[in-house]
Amino acid sequence: MRLNKLQLRDFRNYEALSLEFDPGVNLIVGKNAQGKTNLLEAVAYLGAGKSFRALKQTEMVRFSADFADLEGEIFSQNRLQTLRWVIFNGARPRQIWRNGAKKKTTAEIAGVLNTVLFCPEDLMVLKAGASARRRLGDQALCQLRPNYDAALTEYNRILDQKSRILKDHFENPAVLEILPEYNARLCQVGALLISYRARFYKSLGEEAARFHNAFSGGVEDFDLQYKTVSTVSDPFAPVAELTSALQAHLESHYRAELETGTCLTGPHKDDFSVSLSGIDLKAYGSQGQTRTAAISLKLAQRELQKRESGEEPVLLLDDVLSELDPARQDFVLNQITSGQVFITCCEPGQYTKLGKTIEIEKGNVI
């Protein structure tokens, strides 16, 4: 799997850009705030229709432009393919094309361009709050399982509607009549999320343990534990059992949610923890241990996607190497033995021996 060409129009700070890439390592260099991360964002968005930075799609449209246009030529699934996105500056829905044919959903482009992003924030994700770890897992799962992406979107939609009911019931108690219906649907879709997550985190933990073992020289045992609501004793149970467990959990929190006017519990609060030789990393891990474990998780994510599709996902390293000491830099670079990689950095001469160098200045290629 590789991205051969990328064309951007009015995306972030790029008025117009056309690039061809090396099938191996592509080094994106330039000073801060020139557009290096914007380029990686475009590559990631092209394949998944999701930004790792923007909260609203209009943020990706260049200032004063009506729309942004992204198009890429990709070799994957044993043939050349094209993907194109048009993102509008307003409420108009975005548009997707695959091989010249307009598509309705991201599920119809699944597997054409898979990416794994690693940025400086990910180095400390195991020390951050639960939302950062959920986001890491959700981004990986949405690429691995398009049905998970659809279920997550549906769950968040129902959760938003339930939140409005809980907020509005103080002034309009009649809205509570439809609350049981939303709770029932929330439990059904939430059970699907738990089922997907349990299996994903099991595989991710096993693969990350292998990388961490090599990283640490076998002196630390890496263990990942998935955490969901307390009434779910076995996240690998059939979906029907998980649905019942979620219903019991929501019923026990019903009065508290009414009093606070907020959704207090559910799979949207899920988390995972990592321990090294039985010691909780978030509470007691050193900065070096935390970064090593985070690197192992990202490399494991790439390996799982390769195992699933039979193709190496494109690896995006956004200024992450400069945040690592030389030993960890070497370990990461030694894992890049195949597949296409994009690396951003500020120092032009730091990794020039790796592959093609592309210098960016104010949204232009120098």
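Q: A salt bridge is a side-chain nitrogen of Lys or Arg within 4 Å of a carboxyl oxygen of Asp or Glu. What makes Glu 312 and Arg 302 a salt bridge in this predicted model?
A: Their closest N and O atoms are 3.7 Å apart. The cut-off is 4 Å, so the pair counts.

Q: Where do Glu 312 and Arg 302 sit in the chain?
A: Glu 312 is in the loop between helix H8 (287-309) and strand E12 (314-318). Arg 302 is in helix H8. The two are 10 residues apart, and the pair links distant parts of the chain.

Q: Are Glu 312 and Arg 302 buried or exposed?
A: Glu 312 is buried, and so is Arg 302. Buried stands for under 20% relative accessible area.

Q: Which residues do salt bridges that share partners join into one network?
A: Arg 9, Asp 10 and Arg 62.

Q: How many salt bridges does the rule give?
A: The count comes to 20.

Q: Why is the contact of Glu 154 with Arg 185 called a salt bridge?
A: The closest N and O atoms are 3.8 Å apart. The rule asks for a distance within 4 Å, so this pair passes.

Q: Which parts does the pair of Glu 154 and Arg 185 tie together?
A: Glu 154 lies in helix H3 (residues 146-168) and Arg 185 in helix H4 (residues 179-216). The pair therefore ties together parts 31 residues apart in sequence.

Q: Why are Glu 154 and Arg 185 called partly exposed?
A: Glu 154 has a relative accessible area of 22%. Arg 185 has 37%. Partly exposed covers the range between under 20% and over 50%, so both residues qualify.

Q: What makes the meeting of Asp 270 and Arg 197 a salt bridge?
A: Their side chains meet at 2.9 Å, N to O. That falls within 4 Å, so the rule is met.

Q: Where are Asp 270 and Arg 197, and how many residues apart are they?
A: Asp 270 is in the loop between helix H6 (254-260) and strand E10 (271-276). Arg 197 is in helix H4. They are 73 residues apart. Both Asp 270 and Arg 197 are buried.

Q: Why is Asp 122 called buried?
A: The relative accessible area of Asp 122 is 13%. Buried means under 20%, so the label fits. Asp 122 lies in the loop between strand E8 (115-118) and helix H2 (130-144).

Q: Which residues does Asp 122 touch, not counting those up to four places away in sequence?
A: Asp 122 touches Leu 117, Ala 294 and Lys 298.

Q: Why is Pro 180 called exposed?
A: Pro 180 has a relative accessible area of 52%. Exposed means over 50%, so Pro 180 earns the term. Pro 180 lies in helix H4. From Pro 180 to Ile 366 the C-alpha distance is 59 Å, across 186 residues of sequence.

Q: How many helices and strands does the protein have?
A: There are 9 helices and 15 strands.

Q: How do you know that the protein is as compact as a globular protein of that length?
A: The radius of gyration is 22 Å. The globule rule gives 21 Å for 366 residues. The two values are close, so the protein is as compact as a globular protein of that length.

Q: What share of the 366 residues is buried?
A: Buried residues make up 51%.

Key
Residues numbered from 1 in each chain as written. Predicted model: local features only at pLDDT ≥ 70, side-chain atom pairs only at ≥ 80, totals over all residues. Heavy atoms only, no water. Helix = DSSP H or I, 4+ residues; strand = E, 2+ residues; numbered from the N terminus. Rg over C-alpha atoms; globule rule 2.2 N^0.38 Å. Buried < 20%, exposed > 50% of the residue type's maximum accessible area, 1.4 Å probe, protein only. Contact = heavy atoms within 4.5 Å.
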